[in-house]
Amino acid sequence: MASITLKGLTKSFAAGDDAPAAVSALDLDIKDNEFVTLLGPSGCGKTTTLRMIAGYIVPDAGTIHVGNRLISSPGSVMPPDQRGMGMVFQNYAVWPHKTVYENVVFGLKIRKTPSKEARKKVDETLALVNLTGFEARYPNELSGGQQQRVALARSLVVEPEILLLDEPLSNLDAKLREQMRVELKRLQRRTGITFVYVTHDQAEALALSDHIAVIHGGKLQQYGTPFEVYSRPANRLVADFMGLVNLVPGKVLDVRDGAGKVEASDLKLDLALPSGFAAGDKVEVAIRPENIRLDKPQGNGVALAKISDRTFLGNVSEYYATLSSGQVLRVQTHPLQMFAVGDTVAVEIDAAQCSVFRGAHSDQG
Amino acid sequence: MTAELVVQSVPKILRRRSRLRLEHFVMGGAILSLIVLVVLPLLSLLLGSVKGEGGLSFQHFEEVLSGRLYVQALKNSLVLGAWTGLFSLIIGLALAWAVSRTDVPGKVLIQVTASLSYLSPPFLTAIAFVYLFSPNAGLINVVLRDVLGLSFLTFNVFSMPGLVLVTVLHTFPFVYLLASSALLSVDASYEEAAQILGASKLRTAFSITAPLVAPAILSGTLLSFVNAIALFGSQAIIGLPGRIVTLPTRIYALFDYPPEYGLASALSLVFVLITVVALYLQRAFLARRSFVTLAGKGARPQLMSLGPARWVVFGIAVVAFIVAIILPYATLIAVSFSKSWGLDFWKGLTLANYKFILFDYNVTQRAIVNSLGLAIAAASVAVLLGAVIGWIDVRSRIPGRKLLDYAALIPLGLPGIVVAVALIQFWLAWAPVLYATLAILLLAYVGRYIPLGVRAANASLRQIDPSLEESAQILGASWLQTMREITLPLIRPGLFAGWLLVFVPVIQELSASILLFSSSSITLAVAIYNLYETGYIEPVAALAIINMLIIGAAIFVATKLGGGAITSRSNTQGLGS
């Protein structure tokens, strides 16, 4: 049983330049064997949350359970060395004065594993992370990616039920990051360890996670599967953080059984509306660039627009299309679909994929 | 064919390149000065040690290594160095750990204690402790024995423990500074990684933190050792009455009439060998410091909560502050204002001692003026020479520039008294007129402290991107213009700190001056020592206070003018007076 339950977790720090971000009343249910990502911009409190789970930071209020075991509550906080978790640090923290073997075997020595068995376990774990043959090397003889894998092996060899990872890929170059991403995911499936992973990279979170907890300003904004968080963002903060999005201000014209007509700029859209909206409400419509299609002006779109800028990105072409109201839409299309700057195009929107939020200056609460 | 063409088309430039230019003269001058200041005196020391009655001989070395007097001095020096190193390690490390890793209150107090202990002239501390703990007249001993009747608690300062105590007060800051900076810069995640794997705090401290900071701590301990054995002042003031003769005091005795130059040279070289070996080990340890990485954001180690025990640690810090700072300073101040030092000193407070040394006694007047002049001159010359040598090392491509850099660091391995022996050997042979003049003192000071000037310049130059100078040159600036407009203004703060780093030890220099002074070229430290030797207890204290005031004023002026953190810059230098 290695589920993790956070209840009302709160921590505030004295103000200061390098003070960690505060966390307020955070509730989170992490199930056994899951890969869960804490996602948010830097300073949102995600690392603080992770360090409270690890025990490096003592919460001001709230509780942490692992399974049914209470490991942290006000007045009784279990120190990190008794929590039996593993952790991989952003800078790897591979001890520079120990060889690869000595680094990995450290946790087993603490657990007083007989040396023969320890040797076997280290060998197996090093094989798991593709580092067989590197036992006698010192960290300064290893590349960043290899150090990263030593850090992983060091955490995995003690077979923790929970592995905490603090932006472990952020110091690697793009290609290596992608490769390690695949390895991490595979590792998690194979070992069945609960992974709690902190990152500010939404693409990484989408690719790796079973569930994503989007954190902003020390508060949990949304907790859901990558698909839910991406396509049904709970609020404008989440929509904005999860990839590119056009936020178009508009007004509800008409509401009927959970659906409604919204006029946003020049666009008239039939959208699914959450309950509580009424005609006349000011809203913002979140439209992702890939859910907009451009067509020749005589095609069947919801509005006409003029191409004001284009960028060829290889796998997609990106256009800035200006509606007659002046609203600019960012659009991503298949690279072979070519328009020139100045062309007039028809804009077509996949309304089913749009989200509606209360407008920034809504007069209703 | 093409080569000819090139030569014909650009002859002017080629000719201009090969001509001697101003920078060549400046560089040549600096190299020459370094040879005269350091290399030649050292060579004549070598020569002097092997010059027998009929040509080359090792008779001096034989005598130095077998004679009872010399072997005893060698042994005493090593014992003193070892104990001092050990206690510097214990005190320095404990205080460093408290400041960098715990929630002990009053951290500023500990930092102040370390900085002031480091800056206080050790021979003045020694004198102050004699006033308190000399077996018969020491004030605290008198109180314990005659007033309280607790004679078993009295402490005889004229002993090895006394000598170690007084020396440690000056040397523990070496360990403290290196250890606290190492402890602060260990990335916290190294320790956190061990903790999450189940290692207790103690286990983490021993298997992770200790190996990471050990090189810095060992290096600080060796610096303490090297500095401890080089201090002539405290070893003469405390060692000699206690019949503990050490290498510096033995070498000093060899200059009693008739002077034994050969023996002094040989003993000096043995002394240098010990120092050099220790400094070599120190550098080797420090080179392994690559383990300690600079901490990134949020990677500061978490402070350990000591609970009520933090008041115990605080108490230890207060005791250290009292013993290292309050006792010596308060004693010297009290003595300087008293008519006669003793149990009832407070009954007759007076300014007469200050009047005597400042207005009535021409020897002390002369000493103050001499020392001020010498310190200003030595600091300026050392920094200017240092700037040129540093520039040659960092910027030029002259072959052998590394050798120059090493030559400039040699004096770090030379105890002050050895510098004096070498200078006497060299200048007596080549220009005896210099003997016992202010000039030879200046040569000694510049030679001794040139490494500080070079290091200050070197460190500043390395922080300046060469492209800043190159962009001035591409605009047509000459070397002199580039130096004046770009380089010197940029390294000025560093040079200023370097100037102060030389000024402070020179104003209190005793180890070399004691062999080189004459009645006309007497210096402050020598005057204090001589007055002390002749028993002028109260004026000595007044002069000591004047000495400390000058040091304090220099530091104050320097920090005001933008020199900045002097004590942190000086943490790895081997000063000693």
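## A walk through chains A and B

Buried residues make up 40% of the 365 residues in chain A. Keep in mind while you click around that this is a predicted model.

**Stop 1: all of chain A.** Select the whole chain and colour by secondary structure: you should find eight helices and 21 strands. With the view turned to the principal axes, the C-alpha trace of chain A spans about 75 × 50 × 40 Å. If you like contact maps, take the contacts in chain A with a separation of 6 or more: 66% of them link residues 24 or more positions apart.

**Stop 2: strand β4 of chain A.** Now select residues 61–66 of chain A, which is strand β4. Show the side chains and look at the two faces. Gly62(A), Ile64(A) and Val66(A) sit on the covered face, while Ala61(A), Thr63(A) and His65(A) are on the uncovered one.

Next, add one of its partners, strand β1 (residues 4–11) of chain A. β1(A) and β4(A) run antiparallel, joined by five bridges. To get your bearings, pick Thr5(A), which stands opposite His65(A) in β4(A).

Then add strand β5 of chain A, residues 69–73. β4(A) pairs with β5(A) over three bridges, again in the antiparallel sense. Here the pair to pick is Val66(A) and Arg69(A), which stand opposite each other. β4(A) and β5(A) form a hairpin with two residues between them. Click on Gly67(A) in that turn and check its backbone torsions: phi is positive, about 60 degrees.

**Stop 3: where chain A touches chain B.** Bring chain B into view. How many residues of each chain are in contact? On chain A there are 20, against 19 on chain B. To find the elements of chain A that give two or more residues to this side, select β7 (86–88) and α2 (100–110). α2(A) gives the most, with three residues. Colour the chain A side by residue class and you get 13 nonpolar, four polar and three charged residues.

**Stop 4: two helices in chain B.** Hide chain A, then select α5 (residues 68–101) and α15 (residues 309–337) of chain B. Their axes are 11 Å apart, and the helices pack at an angle of about 130 degrees. That angle makes α5(B) oblique to α15(B). The crossing of α5(B) past α15(B) is left-handed.

Which residues make the contact? From α5(B), show Ile91(B), Leu95(B) and Ala98(B); from α15(B), show Val313(B), Ala317(B) and Ala320(B). By class, this contact has six nonpolar residues, with no polar and no charged ones.

Key:
Residues numbered from 1 in each chain as written. Chains lettered and ligands numbered in written order. Predicted model: local features only at pLDDT ≥ 70, side-chain atom pairs only at ≥ 80, totals over all residues. Axes fitted to C-alpha atoms, helices over the stretch in contact; angles between N-to-C directions. Helix = DSSP H or I, 4+ residues; strand = E, 2+ residues; numbered from the N terminus. Parallel < 35°, antiparallel > 145°, perpendicular 65-115°, else oblique. Left-handed = near helix turned anticlockwise from the far one by under 90°. Contact = placed C-beta atoms within 7 Å. Nonpolar A, V, L, I, M, F, W, Y, C, P; charged D, E, K, R; others polar. Buried ≥ 20, exposed ≤ 12 C-beta atoms within 10 Å, placed from the backbone. Pairing = 2+ DSSP bridges.
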